[in-house]
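Me: I've got a model open here and a few things I'd like to talk through. Mind walking me through it?

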Amino acid sequence: MTILITGATGNIGSQVIQHLVDHGADVRALVRDPSKANFPAGVAVAKGDFLDIDSMRAAFDGVSTLFLLNAVVPDEFTQALIALNVARSAGIDRIVYLSVIHADVYVNVPHFAGKFAVERMIEQMGMAATILRPAYFIQNDMTIKDVVAGHGVYPMPVGDKGLAMIDVRDIAEIAALELMRREQAAQPLPLTRINLVGPETLAGTDIAAIWSDVLGRPINYGGGDTAAFEQNLKQFMPAWMAYDMRMMGERFLTNGMLPEGGDVERLTTLLGRPLRSYRAFASEAAASA
């Protein structure tokens with residue numbers, strides 16, 4: 001019984017692999033370039049690409065459980081559908097898919113809409129899957145910590161509705177636990193969705209206040225201008241992706257990323273410990289600067 005991990009070389013995928021290895025699982029990692037793979041001992045490496053059907057068929061052969069994580073790319077939707085169709089043909093009936101919270105609400109945001117369409121395929125084709133729906137990744141703010149520290153401004157367009165930000169380490173651990181639960185079940189388990197959220201919902205001013213405390217000097221919330229946000233992002237990412245992120249930021253302002261009742265308690269029980277906080281992240285980031 002083998003668990004196949006896609007997105008294996010990324011931050012979440014690599015951590016999922018480590019958790020599974022620690023649990024004694026038989027793990028196979030899907031990578032584009034095996035020469036760059038650096039995994040724990042015992043992890044098998046399969047060379048493949050989502051758009052190379054033959055490589056996917058070979059990688060999925062003999063797999064019992066699949067962790068599907070697709071990067072935000074222009075053809076993300078196509079890649080995910082191919083992976084799920086190949087998995088279905090290979091007889092894989094235990095799946096954990098990393099979607100996004102409010103995928104059914106942020107319908108004009110390209111990568112949200114694509115993930116919601118993938119969820120619909122999973123549901124309508126009767127696949128036995130856990131759909132994980134994470135909120136904003138806390139670690140995304142590593143990209144702007146120098147702006148915060150150097151200019152005294154928290155620039156992300158979080159708004160005042162609030163985001164239930166979650167640490168990627170918690171995402172990876174929960175994903176690994178769900179993979180093991182499905183892998184070890186006597187029969188394929190029914191479809192379930194789990195919102196992945198942090199311990200608190202924070203508005204832009206809340207986050208700025210946390211940074212003020214951590215850094216010991218005033219940090220102001222400067223978000224809300226999504227046009228400027230897009231222009232800044234275009235300096236280090238493709239224009240289509242910057243626009244996608246702008247659309248996401250606009251939904252932050254109008255809708256937020258809010259947990260449902262019982263989400264925090266459910267995750268705390270699942271992990272057997274408290275969820276990691278944004279303040280803990282900010283303290284770690286400041287200490288490592």
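**Sheet, helix and a glutamate**

Me: How many bridges join strand β6 to β8?
Reply: Keep in mind that this is a predicted model. Strand β6 covers residues 129-134 and runs parallel to β8. One of the pairings puts P134 opposite L196 in β8. The number of bridges joining β6 to β8 is 5.

Me: Which strands stand at the edges of the sheet?
Reply: The sheet is open, with 7 strands in parallel pairing and the order β3-β2-β1-β4-β5-β6-β8. An edge strand has a single partner, so one side of it is left without a neighbour in the sheet. That fits β3 (44-47) and β8 (192-196).

Me: Within what arc do the buried residues of α11 fall, seen down its axis?
Reply: Helix α11 spans residues 278-288, and its buried residues are Y278, F281, A282 and A285. They line one face of the helix, because seen down the axis they fall within an arc of 95°.

Me: And what do those buried residues of α11 pack against?
Reply: Two helices and a strand take part here. The buried residues of α11 pack against α5 (145-151), β7 (153-154) and α7 (204-215).

Me: Is E230 buried or exposed?
Reply: E230 sits in helix α8, residues 226-233. The cut-off for buried is under 20% relative accessible area. E230 comes in at 11%, so it counts as buried.

Me: Which side chain makes a polar contact with the side chain of E230?
Reply: Leaving aside neighbours within four places in sequence, E230 is in contact with A242, Y243 and R246. The side-chain polar contact, at 2.7 Å, is with R246.

Key. Residues are numbered from 1 along each chain as its sequence is written. This is a predicted model: local features need pLDDT of at least 70, side-chain atom pairs count only at pLDDT 80 or more; totals for chains, interfaces and linings use all residues. Side-chain values use heavy atoms; hydrogens and water are left out. Helices (H or I, at least four residues) and strands (E, at least two) are DSSP runs, numbered from the N terminus. Buried means under 20% relative accessible area, exposed over 50%, partly exposed in between (1.4 Å probe, protein chains only). A polar contact is a pair of N or O atoms within 3.5 Å; within protein, one must be able to donate a hydrogen and the other to accept it, and residues adjacent in sequence count only if both atoms are side-chain atoms. Contact means heavy atoms within 4.5 Å. Two strands pair if DSSP finds at least two bridges between them. The arc is that of the directions from the helix axis to the C-beta atoms.
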